[in-house]
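This report introduces a protein structure to a reader who has not met it before. The account moves from single residues to the pairing of strands, the disulfide and the core.

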Amino acid sequence: QVQLVESGGGLVQAGGSLRLSCAASGRTFSNYAMGWFRQAPGKEREFVAVIRWGGGSTYYADSVKGRFTISRDNAKNTVYLQMNSLKPEDTAVYYCAARTAWGSVQVLVGPQRYDYWGQGTQVTVSS
C-alpha cells in the first residue's frame, strides 16, 4: 500500500518562499508520476506540477510556471515542491498524489487519474 505524507506548509507573506515535501513509501516508484495539486476553499482541486519518478520529466500549470519547481530525491523517496514568489492566490491545501504510470499531459493534469493521495498541507499567503 502506497503512503504519501506531505509536510512543509505554513503561513508566509506575499513574495516569500516555502518548500513542500512528500515522503512516499510502500512501493518502488520507478515509473510513477508524482503530482502536486491544490484546492482553495470553494474551488475544485487543480493541477500544479508533476514529475516522472524515473527520468525526471516535469510539467507545470501556467499559473506557477517560473515560480515553482518540482523535484525528487530517489534516495529519500521524497518529492519536493519549491514555491517562490508566492502570491495570495496560491493559498490552498496542497496535496501530493501518485499515479502508477506516466502519461500524456491531458492525463497528468486530471486529479481523477491519480491512484494515491496524501492528507494535504495548508499553505497560506498573506498580502
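Glu-44 is exposed, because its relative accessible area is 70%, and a residue counts as exposed over 50%. The structure described here is a predicted model. Glu-44 is found in the loop between strand 4 and strand 5. Leaving aside neighbours within four places in sequence, Glu-44 is in contact with Arg-38 and Gln-39. The C-alpha atoms of Glu-44 and Gly-55 are separated by 30 Å, with the two residues eleven places apart along the chain.

One of these contacts leads to Arg-38, which lies in strand 4, formed by residues 33-39. Arg-38 is buried, because its relative accessible area is 6% and the limit for a buried residue is under 20%. The side chain of Arg-38 makes a polar contact of 2.9 Å with the side chain of Asp-90. Another polar contact, of 2.9 Å, joins the side chain of Arg-38 to that of Tyr-94. Residues up to four places away in sequence not being counted, Arg-38 touches a set of residues that includes Glu-44, Glu-46, Val-48, Phe-68 and Val-93.

Phe-68 also belongs to a pair of strands. Strand 7 (residues 68-73) and strand 8 (residues 78-83) pair in the antiparallel sense, over six bridges. In this pairing, Phe-68 stands opposite Met-83 in strand 8. The hairpin of strand 7 and strand 8 has four residues between the strands, and Asn-77 takes a positive phi there.

Two residues with positive phi are set out below, with their places in the chain and their accessibility.

| Residue | Phi | Location | Relative accessible area |
|---|---|---|---|
| Asn-77 | near 50° | loop between strand 7 and strand 8 | 24%, partly exposed |
| Ser-85 | near 50° | loop between strand 8 and strand 9 | 42%, partly exposed |

Asn-77 is a residue other than glycine, and Ser-85 is likewise a residue other than glycine.

The next topic is covalent linkage. A disulfide is a covalent bond between the sulfur atoms of two cysteines. How many disulfides does a search of the whole structure find? The search finds one. This disulfide joins Cys-22 to Cys-96, with an S to S distance of 2.1 Å. Cys-22 lies in strand 3 (residues 18-25) and Cys-96 in strand 9 (residues 92-99), so the pair ties together parts that are 74 residues apart in sequence. The torsion about the S-S bond of Cys-22 and Cys-96 is about -75°, and the disulfide is therefore left-handed. Cys-22 counts as buried because its relative accessibility is 0%. Cys-96 counts as buried too, with a relative accessibility of 0%.

The last topic is the interior. In soluble globular proteins, nonpolar side chains tend to be buried together. In this model, the largest nonpolar core has 38 residues, of which Leu-4, Met-34, Trp-36, Leu-81, Met-83 and Tyr-94 touch the most other members. At least two residues of this core come from each of strand 3, strand 4, strand 5 (46-52), strand 7, strand 8, strand 9 and strand 11 (121-126). Neighbours within four places in sequence being left aside, Leu-81 is in contact with residues including Leu-18, Leu-20, Trp-36, Val-48, Phe-68, Ile-70 and Tyr-94. Tyr-94 thus appears again: its side chain is joined to that of Arg-38 by a polar contact, and Tyr-94 is among the core residues that touch the most other members.

Definitions and conventions. Residues are numbered from 1 along each chain as its sequence is written. This is a predicted model: local features need pLDDT of at least 70, side-chain atom pairs count only at pLDDT 80 or more; totals for chains, interfaces and linings use all residues. Side-chain values use heavy atoms; hydrogens and water are left out. Buried means under 20% relative accessible area, exposed over 50%, partly exposed in between (1.4 Å probe, protein chains only). A polar contact is a pair of N or O atoms within 3.5 Å; within protein, one must be able to donate a hydrogen and the other to accept it, and residues adjacent in sequence count only if both atoms are side-chain atoms. Contact means heavy atoms within 4.5 Å. Two strands pair if DSSP finds at least two bridges between them. A disulfide is a pair of cysteine sulfur atoms within 2.5 Å. A nonpolar core is a set of buried Ala, Val, Leu, Ile, Met, Phe, Trp, Tyr and Cys residues joined through side-chain atoms within 4.5 Å.
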